[in-house]
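Q: Please take a close look at one part of this model: the salt bridges. Give the cut-offs as you go.

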Amino acid sequence: MDTEKVNSMDFGEFVDVFGNVTERCPLIAAAVWSQRPFSDLEDLEKHFFAFIDALPQSGQEGILRCHPDLAGSELQRGTLTAESQREQSGAGLRSLGADGRLRLAELNAQYRARFGFPFVLAARFSDRTAVPRELARLLLCPSAQELRTALGEVKKIGSLRLADLLRADPAKL
Ligand SMILES: NC(=O)NC1=NC(=O)NC1=O
(Lines give C-alpha, C1' and ligand atoms only; values in the text may rest on other atoms or scores of the structure.)
Protein backbone atom coordinates (compact mmCIF):
# COMPACT_ATOMS: atom_id res chain seq x y z
CA MET A 1 0.00 0.00 0.00
CA ASP A 2 1.50 3.37 -0.89
CA THR A 3 1.13 6.86 0.56
CA GLU A 4 -1.32 7.87 -2.17
CA LYS A 5 -3.66 5.02 -1.22
CA VAL A 6 -3.42 5.95 2.48
CA ASN A 7 -4.05 9.65 1.78
CA SER A 8 -7.09 8.79 -0.34
CA MET A 9 -8.87 6.88 2.47
CA ASP A 10 -11.96 8.41 4.02
CA PHE A 11 -12.30 8.43 7.80
CA GLY A 12 -14.11 5.09 8.08
CA GLU A 13 -11.73 3.24 5.78
CA PHE A 14 -8.67 4.69 7.52
CA VAL A 15 -9.91 3.66 10.98
CA ASP A 16 -10.96 0.24 9.68
CA VAL A 17 -7.43 -0.35 8.36
CA PHE A 18 -5.32 1.37 11.04
CA GLY A 19 -7.63 1.19 14.07
CA ASN A 20 -5.63 -1.54 15.82
CA VAL A 21 -2.12 -0.26 15.15
CA THR A 22 -2.23 0.59 18.84
CA GLU A 23 -3.96 -2.30 20.56
CA ARG A 24 -7.67 -1.58 21.04
CA CYS A 25 -7.14 2.18 20.66
CA PRO A 26 -8.94 3.09 17.39
CA LEU A 27 -9.23 6.67 18.65
CA ILE A 28 -5.54 7.16 17.88
CA ALA A 29 -6.07 6.20 14.21
CA ALA A 30 -9.10 8.53 14.16
CA ALA A 31 -6.94 11.41 15.41
CA VAL A 32 -4.08 10.58 13.04
CA TRP A 33 -6.46 10.58 10.02
CA SER A 34 -7.06 14.29 10.56
CA GLN A 35 -3.32 14.91 10.04
CA ARG A 36 -3.42 13.70 6.43
CA PRO A 37 -1.95 13.99 3.84
CA PHE A 38 1.10 12.03 4.96
CA SER A 39 4.33 12.77 3.11
CA ASP A 40 5.46 9.16 3.43
CA LEU A 41 4.89 6.10 5.52
CA GLU A 42 7.39 7.17 8.16
CA ASP A 43 5.38 10.38 8.50
CA LEU A 44 2.27 8.30 9.20
CA GLU A 45 4.10 6.35 11.92
CA LYS A 46 5.45 9.60 13.40
CA HIS A 47 1.88 10.91 13.86
CA PHE A 48 0.83 7.76 15.74
CA PHE A 49 3.77 8.20 18.10
CA ALA A 50 3.28 11.96 18.49
CA PHE A 51 -0.32 11.37 19.61
CA ILE A 52 0.83 8.92 22.31
CA ASP A 53 3.63 11.22 23.47
CA ALA A 54 1.25 14.21 23.74
CA LEU A 55 -1.17 12.40 26.07
CA PRO A 56 -1.16 13.10 29.81
CA GLN A 57 0.22 10.27 31.96
CA SER A 58 -3.30 9.01 32.71
CA GLY A 59 -3.98 8.68 28.99
CA GLN A 60 -0.68 6.91 28.38
CA GLU A 61 -1.40 4.45 31.18
CA GLY A 62 -4.86 3.96 29.65
CA ILE A 63 -3.20 2.85 26.40
CA LEU A 64 -1.13 0.31 28.32
CA ARG A 65 -4.26 -1.02 30.01
CA CYS A 66 -5.75 -1.79 26.58
CA HIS A 67 -3.06 -4.44 26.09
CA PRO A 68 -3.98 -8.02 26.99
CA ASP A 69 -1.53 -9.77 29.29
CA LEU A 70 1.10 -11.91 27.63
CA ALA A 71 -0.03 -15.55 27.91
CA GLY A 72 -3.00 -14.33 29.93
CA SER A 73 -6.63 -15.41 30.09
CA GLU A 74 -7.48 -13.84 26.72
CA LEU A 75 -4.90 -16.01 25.00
CA GLN A 76 -6.41 -19.03 26.69
CA ARG A 77 -9.99 -17.98 25.84
CA GLY A 78 -9.13 -17.06 22.25
CA THR A 79 -10.52 -13.53 22.65
CA LEU A 80 -7.36 -11.70 21.54
CA THR A 81 -7.39 -9.38 18.54
CA ALA A 82 -6.01 -10.99 15.39
CA GLU A 83 -2.78 -9.01 15.67
CA SER A 84 -2.25 -9.86 19.32
CA GLN A 85 -3.06 -13.51 18.66
CA ARG A 86 -0.37 -13.63 15.93
CA GLU A 87 2.19 -11.83 18.08
CA GLN A 88 1.66 -13.94 21.18
CA SER A 89 1.53 -17.21 19.26
CA GLY A 90 4.62 -16.18 17.29
CA ALA A 91 6.50 -15.73 20.56
CA GLY A 92 5.59 -19.28 21.52
CA LEU A 93 3.29 -18.20 24.34
CA ARG A 94 0.57 -20.59 23.25
CA SER A 95 2.87 -23.53 23.89
CA LEU A 96 3.72 -22.53 27.45
CA GLY A 97 2.83 -25.30 29.91
CA ALA A 98 0.51 -24.73 32.88
CA ASP A 99 3.50 -23.93 35.13
CA GLY A 100 4.84 -21.38 32.66
CA ARG A 101 1.43 -19.72 32.33
CA LEU A 102 1.01 -19.64 36.12
CA ARG A 103 4.44 -18.09 36.60
CA LEU A 104 3.71 -15.42 33.99
CA ALA A 105 0.31 -14.70 35.56
CA GLU A 106 1.99 -14.20 38.94
CA LEU A 107 4.71 -11.97 37.48
CA ASN A 108 2.15 -9.96 35.52
CA ALA A 109 0.09 -9.46 38.69
CA GLN A 110 3.16 -8.32 40.64
CA TYR A 111 4.13 -5.93 37.84
CA ARG A 112 0.64 -4.44 37.65
CA ALA A 113 0.53 -4.05 41.44
CA ARG A 114 3.95 -2.36 41.42
CA PHE A 115 3.44 0.03 38.48
CA GLY A 116 -0.34 0.42 38.17
CA PHE A 117 -0.39 -0.69 34.53
CA PRO A 118 0.23 -4.02 32.77
CA PHE A 119 3.57 -5.26 31.49
CA VAL A 120 3.78 -4.54 27.76
CA LEU A 121 6.48 -5.90 25.51
CA ALA A 122 6.69 -6.33 21.74
CA ALA A 123 6.22 -10.10 21.70
CA ARG A 124 7.54 -10.38 18.12
CA PHE A 125 10.99 -9.43 19.42
CA SER A 126 10.75 -11.86 22.30
CA ASP A 127 10.02 -15.49 23.13
CA ARG A 128 8.54 -17.62 25.88
CA THR A 129 11.77 -17.77 27.90
CA ALA A 130 12.67 -14.08 27.49
CA VAL A 131 9.26 -12.75 28.58
CA PRO A 132 9.29 -14.07 32.18
CA ARG A 133 13.01 -13.26 32.46
CA GLU A 134 12.42 -9.61 31.45
CA LEU A 135 9.39 -9.33 33.72
CA ALA A 136 11.31 -10.71 36.73
CA ARG A 137 14.21 -8.33 35.97
CA LEU A 138 11.92 -5.29 35.87
CA LEU A 139 10.34 -6.31 39.19
CA LEU A 140 13.78 -6.53 40.79
CA CYS A 141 15.02 -3.18 39.53
CA PRO A 142 11.95 -0.90 39.13
CA SER A 143 12.64 2.23 37.17
CA ALA A 144 11.07 5.66 37.34
CA GLN A 145 11.22 5.36 33.57
CA GLU A 146 8.97 2.27 33.50
CA LEU A 147 6.11 4.18 31.83
CA ARG A 148 8.50 5.45 29.13
CA THR A 149 9.89 1.95 28.65
CA ALA A 150 6.40 0.45 28.32
CA LEU A 151 5.33 3.12 25.82
CA GLY A 152 8.46 2.32 23.83
CA GLU A 153 7.18 -1.24 23.54
CA VAL A 154 3.75 0.05 22.42
CA LYS A 155 5.54 1.97 19.66
CA LYS A 156 7.56 -1.11 18.61
CA ILE A 157 4.31 -3.09 18.37
CA GLY A 158 2.73 -0.24 16.39
CA SER A 159 5.68 -0.06 13.99
CA LEU A 160 5.50 -3.77 13.27
CA ARG A 161 1.72 -3.63 12.75
CA LEU A 162 2.02 -0.62 10.44
CA ALA A 163 4.76 -2.37 8.45
CA ASP A 164 2.47 -5.39 8.03
CA LEU A 165 -0.41 -3.18 6.88
CA LEU A 166 1.69 -1.14 4.47
CA ARG A 167 3.09 -4.29 2.91
CA ALA A 168 -0.47 -5.53 2.46
CA ASP A 169 -1.69 -5.77 -1.09
CA PRO A 170 -4.09 -2.86 -1.70
CA ALA A 171 -6.31 -5.23 -3.72
CA LYS A 172 -7.06 -7.08 -0.47
CA LEU A 173 -8.07 -3.93 1.41
N1 LIG B 1 0.98 -7.11 27.29
C2 LIG B 1 1.53 -7.19 26.07
O3 LIG B 1 2.71 -6.89 25.86
N4 LIG B 1 0.73 -7.64 25.05
C5 LIG B 1 1.21 -7.80 23.77
N6 LIG B 1 2.43 -7.59 23.27
C7 LIG B 1 2.41 -7.88 21.92
O8 LIG B 1 3.34 -7.83 21.16
N9 LIG B 1 1.15 -8.27 21.56
C10 LIG B 1 0.37 -8.24 22.68
O11 LIG B 1 -0.84 -8.53 22.80
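A: What follows goes through selected pairs, then a network and a helix linked to it.

The model is predicted; local features need pLDDT of at least 70 and side-chain atom pairs count only at pLDDT 80 or more, while totals for chains, interfaces and linings use all residues. Residues are numbered from 1 along each chain as its sequence is written, and side-chain values use heavy atoms, without hydrogens or water.

Start with the rule. A salt bridge is a side-chain nitrogen of Lys or Arg within 4 Å of a carboxyl oxygen of Asp or Glu. The count by this rule is 13.

Glu-13 pairs with Lys-5; their closest N and O atoms are 3.2 Å apart. Accessibility has three classes: buried is under 20% relative accessible area, exposed is over 50%, and partly exposed is in between (1.4 Å probe, protein chains only). Glu-13 is partly exposed at 29%. Lys-5 is also partly exposed, at 22%.

Asp-164 and Arg-124 form another bridge, at 2.7 Å from N to O. Asp-164 sits in helix 10, and Arg-124 in the loop between helix 8 (98-115) and helix 9 (130-140), so this pair ties together parts 40 residues apart in sequence. Helices here are DSSP runs of H or I with at least four residues, numbered from the N terminus. Asp-164 is partly exposed at 26%. Arg-124 is partly exposed at 37%.

Glu-153 and Lys-156 also form a salt bridge, with closest N and O atoms 2.7 Å apart. Both lie in helix 10, three residues apart, which means about one helical turn separates them. Lys-156 is partly exposed at 38%. Glu-153, in contrast, is buried at 12%.

Beyond pairs, there is a network. Salt bridges with shared partners join Glu-23, Arg-24, Glu-74, Glu-87 and Arg-161.

One of these, Glu-87, leads to helix 7 (residues 82-90), where Glu-87 is buried along with Ser-84 and Gln-88. Viewed down the axis of helix 7, the buried residues fall within an arc of 90 degrees, so they line one face. That arc is taken over the directions from the helix axis to the C-beta atoms. Arg-86 and Gly-90 are exposed on the other side of helix 7. What covers the buried residues of helix 7? The cover includes helix 6 (73-77) and helix 10, with contact meaning heavy atoms within 4.5 Å. After helix 7 comes Gly-92, with a positive phi near 80 degrees.

Key:
Helices (H or I, at least four residues) and strands (E, at least two) are DSSP runs, numbered from the N terminus.
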